[in-house]
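The exercises below are meant to be worked through with the sequence and the coordinates side by side. Try each task before reading its solution.

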Amino acid sequence: MGLLKKTFWTVVARYVAAAINFAIIIINAKLLGAEGVGQIGIIVASVNLAVMFNSMFCGSTIVYFMRQYTMRGIMLPSYLWIAVVSAVSAEVMARLGMVPGEYAVAVYVLTLLNSLVAANSRFLLGKDKVGAFNVVFLLQSVFLFFVLLFIYYIIGSHEVDDYIVGLYVSNLTALAVSAACLYKPFMDEHGKSAPWLQVFRRMFTYGIWSNADNMAESISTRLSYFFVNSWAGLSAVGLLDGATRISESVWHISRAVGYIANSEVARSETKSHSRSVTMKLLKLTFFSTFVLMGVILLIPEWMFTAYIFSPQFEGIAVVIRCLAPGIVAAACNTVLCQYFIAGGMVKYSAISSLLGLSAAAVSGLVLVPIMGVMGGAAATSIGYSVMALSNYIFFSTKA
């Protein structure tokens with residue numbers, strides 16, 4: 001499958017899932033209200049935060065090391081790390097009060113399932129099984145949508161716990177299908193695996209640096225949720241979450257392109273080819289994301305409050321405008337990060353990510369107490385912009 005074809009179908013898969021997720025957002029907003037959406041936002045943000053730490057062993061690190069080790073040699077350290085860190089993360093967040101105590105077990109189980117699906121998806125990508133990779137991704141959204149329709153409209157229950165049940169079912173389905181897709185490549189693989197402890201040490205060292213960008217991106221986005229919750233309450237978090245999900249819908253392009261960029265650069269034989277591929281994908285990402293973000297900004301406020309969400313989401317258009325510059329910057333940053341990570345130059349993306357995270361944290365502490373939810377959105381945008389600018393400078397001058 002050629003580069004453009006892989007990119008096209010991966011983008012299509014992301015936007016089909018995006019359409020489904022958008023429908024879910026609308027349904028949740030109308031049936032659960034701003035506070036219910038805010039509660040879901042806190043739970044999902046906590047899961048994403050925990051998955052972020054697992055991404056050291058279930059993200060791009062897997063693709064990178066599949067050039068050097070067998071798949072079975074990488075699976076054991078990956079799965080062990082996921083099991084342990086998922087439990088520790090959920091417990092720490094519950095003790096710190098970041099997530100309500102009654103949802104600590106749900107956060108653990110969802111973190112475990114999400115991380116295992118992410119790991120299996122990366123194994124599929126490492127084997128260049130892009131079609132199976134896209135199917136697994138789609139299944140999570142498809143099953144969540146139909147399970148929620150059944151619970152909300154057939155059973156008639158409208159609770160936050162119902163959404164969690166939907167997440168359980170969708171992730172378990174995706175995990176089963178991904179495992180089935182990996183069975184044949186796993187059984188057909190030849191070669192002796194290196195000692196798992198040796199693989200673990202190398203993956204750990206590489207993973208700390210290679211996933212710094214993902215960690216900082218996740219923290220930068222969701223950190224604002226916790227700032228806004230502290231100063232403005234759950235309803236404000238619901239407003240920020242709605243605006244964030246609408247804005248981040250344009251990321252389905254950059255994430256799809258990022259997966260392809262990582263795979264292509266990791267298998268590239270020359271630096272010039274890696275840079276050429278990265279620049280092509282970077283231009284595609286910038287222009288497509290810029291145009292789509294512009295379309296979203298043209299949507300009037302009344303369409304969000306009257307048709308997409310509810311009157312409780314008044315002010316969402318302003319929040320989206322505060323997020324917009326950073327959303328475009330973050331899309332470009334995704335492609336640049338994959339160039340550094342897949343090319344073994346992880347220190348550059350790590351430095352950029354830490355700079356962006358610092359900018360987001362400082363901005364959030366200053367702006368949220370003054371501007372509320374708009375301050376949280378602006379802080380996120382500032383963090384993303386600093387990340388992208390730093391990475392582009394490194395790409396232009398150092399790498």
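A nonpolar core is a set of buried Ala, Val, Leu, Ile, Met, Phe, Trp, Tyr and Cys residues joined through side-chain atoms within 4.5 Å, where buried means under 20% relative accessible area, exposed means over 50%, and partly exposed lies in between (1.4 Å probe, protein chains only). The model is predicted, so that local features need pLDDT of at least 70 and side-chain atom pairs count only at pLDDT 80 or more, while totals for chains, interfaces and linings use all residues. Residues are numbered from 1 along each chain as its sequence is written, and side-chain values use heavy atoms, with hydrogens and water left out.

**Exercise 1. Describe the overall fold and dimensions of the protein.**

Step one is secondary structure: the protein has 15 helices and zero strands, where helices (H or I, at least four residues) and strands (E, at least two) are DSSP runs numbered from the N terminus.

Step two is size. The C-alpha trace spans about 60 × 50 × 40 Å along its principal axes. For 399 residues a compact globule would have a radius of gyration near 21 Å, and the protein, with 20 Å, agrees with this; the radius is taken over C-alpha atoms, and the globule rule is 2.2 Å times the number of residues to the power 0.38.

Step three is packing: buried residues make up 57% of the 399 residues. Among contacts (heavy atoms within 4.5 Å) with a separation of 6 or more, 84% are accounted for by residues 24 or more positions apart.

**Exercise 2. Identify the largest nonpolar core and trace which helices build it.**

Begin with the membership: the largest nonpolar core has 41 residues, and those with the most contacts inside it are Met293, Phe309, Phe313, Ile316, Val319 and Ile320. Next, list the contributing helices; those that each supply at least two residues of this core include α1 (3–58), α11 (271–297), α13 (316–342) and α15 (373–397). The largest share, nine residues, comes from α13.

Then follow one member outward. Leaving aside neighbours within four places in sequence, Phe313 is in contact with residues including Ala29, Val37, Leu239 and Glu301. Finally, a second, separate core of 34 residues includes Met71, Leu182, Met203 and Ile341.

**Exercise 3. Is Ala324 buried or exposed, and which residues does Ala324 touch?**

First locate the residue: Ala324 lies in helix α13. With a relative accessible area of 6%, Ala324 is buried. Not counting residues up to four places away in sequence, Ala324 touches Met293 and Leu297. As a check on the coordinates, the C-alpha atoms of Ala324 and Phe290, which are 34 residues apart along the chain, are separated by 9.1 Å.

**Exercise 4. Work out the surroundings of Leu284 and Glu301.**

Take Leu284 first, which is found in helix α11 and counts as partly exposed at 39% relative accessibility. Beyond residues up to four places away in sequence, Leu284 touches Thr7 and Val257. The C-alpha atoms of Leu284 and Cys332, 48 residues apart along the chain, are separated by 9.4 Å.

Turn next to Glu301, whose place is in helix α12, and which is partly exposed with a relative accessible area of 25%. Leaving aside neighbours within four places in sequence, Glu301 is in contact with Phe313, Glu314, Gly315, Ile316, Ala317 and Val318. The C-alpha atoms of Glu301 and Ile43, 258 residues apart along the chain, are separated by 27 Å.
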